[in-house]
Amino acid sequence: MAMCVEDGISSFPDHILFHILSFLPIKEAVRTSIISTKWRYLFASISTIKFDGYLMRGLTDRNVDSFKNFVDRLLKFPDQVSLDCFRLNDIVSWNDKDHNFDVSGWICAALCRGVKEIDLDLKNLGDTLPALLFTCHSLVTLKLDAVGSEIKVPSDVCLGNLKTLQLRNSVLFGDSIHRLISNCHVLEDLAFIECGFDNISEVNIQSPSLKRLVLEFDVTEGRYFNYVVVINAPNLVYFQYHAAVAKSYTLSTMKSLEKADISIYQFDSIDCETSATHLIQGICNIFRTSRLPIFHNLIEFKYLGVGFNGRETWLVEFLHCVPNLKTLTLNFPDDAGTRWKALRMKVPSCLSFHLKEIEISYFDTHMIEMVSFFLDNAMVLEKLIISMAALTWRQKCEAQNKLLQLLKRSKKSLIVIL
């Protein structure tokens, strides 16, 4: 007697099957249509649609039209569920003139289905984006990688529910940045990565709802930094700045800031000390005052940048402003000109009560005084990480011997990673 094998997965409710299919590449999801009659059209109702260069493999001039029709039906089929995500990632293929894909139409179809997330990585993206994209109220996440093309922001832009906005390799003109951000009323996560700004005197970022801000600019193009950076984000929790110092800064007080990741790159035309202190002062909003505000919520601070004379003074002064700091990462070259032992400043309270981990990158023998300062004053220190990758074997031996002497003298029980 023939046995009937029960298909347990097919007995699941449709909404669970849709969820399972959303984890598959679209090509594999379509292949499930041969399983049974029930599965034949399930793929057409998945809520996550992702196209990438993988789909282009195997396409010939003979079947490219069939592929276009398939995508049109998949996106524009009536009575379909709303989309959670529409992703189109490939640098060359989708926008080339040979295939003439209706990318703009596909984006519009996704928007009409109430898509929540759009992620586009396309060459000449600026010429492809429909105006409808900037007035879509269903969008929660928008990620655009324009590969060097201009992002044209219409005057009637309004993204009322957008919480995450990431622009990469894009060029923005005039007041388009301010116009875009000011019309995203619940924006929480904003990132400009390797972007360029033309015909602009300031990068104006004003958002009371913003919690995370990333500014990471291409340092090979000095022209990108001849502007003022204006940031008014009082509820910012995380701030990352990887770029050369800008012309000047106008920043509101960041009382909610918990983590800052600062990496400053120097151009020959900018004084080293100004490059470092200008940004720190800009974050603290102290252009016309002599004292820094207190960052009670800041528990982790990472500074990456060039060295400069007097760094020990401003660093200790800054540590006074972060009383609850737990982790400190320093990544800049030191030299014989610094005099940590000569400091007669009051020891910052974070060293006495909270600082538990210190990491020092690019360590050299001139930094012994800095390590000695921290070992003498960081009373609750638990971990000290020191990188000696830049030293020769002889220099490493010399540095290790000096560090061992310091550790013996400090009589602290802590983890040391060299």
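Select β4 and β5 in this predicted model: the two strands run parallel and are joined by five bridges. For one residue pair to display, take leucine 142, whose bridge partner in β5 is leucine 165.

Keep β4 selected and add strand β3, residues 117–121. β3 and β4 also pair in the parallel sense, over five bridges. Show aspartate 121 next; its bridge partner in β4 is aspartate 145. Now colour β4, residues 141–145, by accessibility. Four of its five residues are buried, so the strand is largely enclosed by the rest of the structure.

From β5, residues 164–168, follow the chain into the loop that leads to β6, residues 171–173; asparagine 169 is found there. Although asparagine 169 is not a glycine, its phi is positive, at about 55°. The residue is partly exposed, with a relative accessible area of 28%.

A second stop of this kind is glutamate 194, in the loop between β7 (189–193) and β8 (196–198). Phi of glutamate 194 is near 55°, again a positive value in a residue other than glycine. With a relative accessibility of 30%, glutamate 194 counts as partly exposed.

Next, select β9, β11 and β13. These three strands form an open sheet in that order, with parallel pairing. The edges are β9 (202–206) and β13 (248–251), each of which pairs on one side only. From one strand to the next, the twist averages 5°. Zoom in on β11, residues 228–232, and β13: four bridges hold this parallel pair. Valine 228 can be labelled here, with serine 248 of β13 standing opposite.

Move on to strand β16, residues 327–331. Is it buried or exposed? Five of its five residues are buried, so β16 is largely enclosed by the rest of the structure. Show the side chains to see how the two faces divide: Thr327, Thr329 and Asn331 lie on one side, Leu328 and Leu330 on the other, and all are buried. Add β17, residues 357–360, which pairs with β16 in the parallel sense over four bridges. Within that pairing, leucine 328 has isoleucine 358 of β17 as its bridge partner.

For a single buried side chain in a helix, select serine 372 in α9, which spans residues 368–377. Its relative accessibility is 5%, and buried means under 20%, so serine 372 counts as buried. Which residues does serine 372 touch, leaving aside those up to four places away in sequence? They are Leu406 and Arg409.

The last stop is a helix pair. Select α3 (residues 64–76) and α4 (residues 103–112), whose axes come within 9 Å and cross at roughly 20°. Angles under 35 degrees count as roughly parallel, and α3 and α4 therefore fall into that class. The crossing of α3 past α4 is left-handed. To see the contact, display Val71, Asp72, Leu75 and Lys76 on α3, together with Gly105, Trp106 and Ala109 on α4. Sorted by class, the contact has four nonpolar residues, one polar and two charged.

Methods
Residues numbered from 1 in each chain as written. Predicted model: local features only at pLDDT ≥ 70, side-chain atom pairs only at ≥ 80, totals over all residues. Heavy atoms only, no water. Axes fitted to C-alpha atoms, helices over the stretch in contact; angles between N-to-C directions. Parallel < 35°, antiparallel > 145°, perpendicular 65-115°, else oblique. Left-handed = near helix turned anticlockwise from the far one by under 90°. Contact = heavy atoms within 4.5 Å. Nonpolar A, V, L, I, M, F, W, Y, C, P; charged D, E, K, R; others polar. Buried < 20%, exposed > 50% of the residue type's maximum accessible area, 1.4 Å probe, protein only. Pairing = 2+ DSSP bridges.
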